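Here are my notes on the model, set out as numbered points. Please read them with the structure open.

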Amino acid sequence: MDRRSFLKKAGLGMAAASAAALDAPAVLASGKIKWRMVTSWPPGMPILQTAAENFAKWVGEMSGGRLTIQVFAGGELVPPLGVFDAVSRGMVQCGHSASYYWAGKAKAFQWFTSVPFGLNAQGMNAWLYKGNGLKLWEEVAAEFNIVPRPAGNTGVQMGGWFNREIKSLSDFKGLKMRIPGLGGKVLSRAGGTVVLLPAGEIYTSLERGVLDATEWVGPAHDLRMGFQKVAKYYYGPGWHEPGSVLELSINKKAYDALPSDLKAVVDAAAARANVEMLSEFEAENGKAMQQVLAMKSVQVRTFPKEVLQGLKKLAEETVAAEAESDSVAMKVNRDFQEFKKRAGEWAQFSERPYYELIA
Ligand code: CA
């Protein structure tokens, strides 16, 4: 930003002045660049907040200190779900969150995190990096002055904690469940009631019967929430989030202003965060699941096949309806479904028979 336009913006009053000052990444006299990053995660949240902090650390290391990033957890600088606006407006230079939180900005954003019965982590990476996924994501995000990068994946999540046994699709009728996004829309189609609550209220709501069920992430995070103390059944798989991608969002002006070597550093650190997070989830969930299986008070189940088939049909209707209501989402969904079909056909002969053998 040149001096004249800076002064012009700075003349707009205090709020505008501070926004303008942040709009241009702080380039110090030494040529060093300082960025700020906001996240949607609570301070210290393992695997998620730590991924954002590691990303910042790696950028500092790889750039030899030429680009440093100060990380703020959810609520420290902006509210957890204020990440998108803060990055879009240039209040900060980057953020770590999940794209499906921004469905209200553009419906298409949902496809870049996860859709019910969509691609797993391996499939999402293949679609994003080697299919049209990231290109489409960049297109959608550019409208909001944002450059997106995959920067983490949860792997297959769990289906959730239930205080009611699920034997058939009709058991979802009247079920009060905390399940956000497209998964929630599928639950509604199955006759359930979606209850959206802040993280801090889920435990007591389950305990008091305000909720019959809740999904969260996977055993590693779920145990920390204490759901094993207030729910009887733990169902898998997380059909609604089979491989949720976490997002690094970068303010487009800040990204474009970087020299090409620092752009490469940011991209490489994001890719490393993507690999590390999935690896950590797989390792930690494996350990945590052992603990859950040893608990006498919890029954670990998989949803019956007919239930999953029923949910899959409802999910297809939900996703199609969501895509039809929006031309950009329609374009993204068409590409996603084509990719998924090929991935699924390949998996019939590779992953599927293999997992049937080892699981
Ligand atoms: Ca979840």
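1. Which residue is the bridge partner of Y234 in β12? In this predicted model, Y234 is matched with V300 of β12. The two strands involved, β10 and β12 (residues 299–302), pair in the parallel sense over 4 bridges.

2. β10 also pairs with β6. These two strands run antiparallel and are joined by 3 bridges. Within this pairing, Y235 of β10 has G160 opposite.

3. The side chains of a regular strand alternate between the two faces of the sheet. In β10, Y233 and Y235 lie on one side and Y234 and G236 on the other. All four are buried, so both faces of the strand are covered.

4. W161 and Y234 form a stacked aromatic pair, at 3.7 Å centre to centre and with 15° between the planes. Because W161 belongs to strand β6 (residues 160–162) and Y234 to strand β10 (residues 233–236), the pair ties together parts that are 73 residues apart in sequence. W161 has 0% relative accessibility and counts as buried; Y234, also at 0%, counts as buried too.

5. Over the whole structure, a search finds 18 aromatic pairs. One of them is F112 with W127: the ring centres are 5.7 Å apart and the planes are at 10°, so the pair counts as stacked. F112 sits in the loop between β4 (94–97) and α5 (121–130), whereas W127 is in helix α5, so this contact ties together parts that are 15 residues apart in sequence. Both F112 and W127 are buried.

6. Ring pairs also link a cluster made up of F84, Y100, Y101, W102, F109 and F144. Elsewhere, Y255 has the charged end of K263 over its ring, 5.7 Å from the ring centre.

7. Which residues coordinate the calcium ion? The donors are Q157 through OE1, E215 through OE (listed twice), W216 through its O atom and E241 through OE, at 2.2 to 2.9 Å. Along the chain, these donors follow the spacing Q-x57-E-W-x24-E.

8. Are the calcium donors E215 and W216 buried or exposed? E215 has a relative accessible area of 2%, so this residue is buried. W216 is at 14% relative accessibility and therefore also counts as buried, the cut-off being under 20% relative accessible area.

How values were computed:
Residues are numbered from 1 along each chain as its sequence is written. This is a predicted model: local features need pLDDT of at least 70, side-chain atom pairs count only at pLDDT 80 or more; totals for chains, interfaces and linings use all residues. Side-chain values use heavy atoms; hydrogens and water are left out. Donors are N, O and S atoms within 2.8 Å of the metal (3.2 Å for Na, K and Ca); water is not among the atoms, so sites may look incomplete. Buried means under 20% relative accessible area, exposed over 50%, partly exposed in between (1.4 Å probe, protein chains only). Rings of Phe, Tyr and Trp (its six-membered ring) pair if their centres lie within 6.5 Å; planes under 30 degrees apart count as stacked, over 60 as edge-to-face and the rest as tilted. A charge sits over a ring if NZ of Lys or CZ of Arg is within 6 Å of the ring centre and within 35 degrees of the ring normal. Two strands pair if DSSP finds at least two bridges between them.
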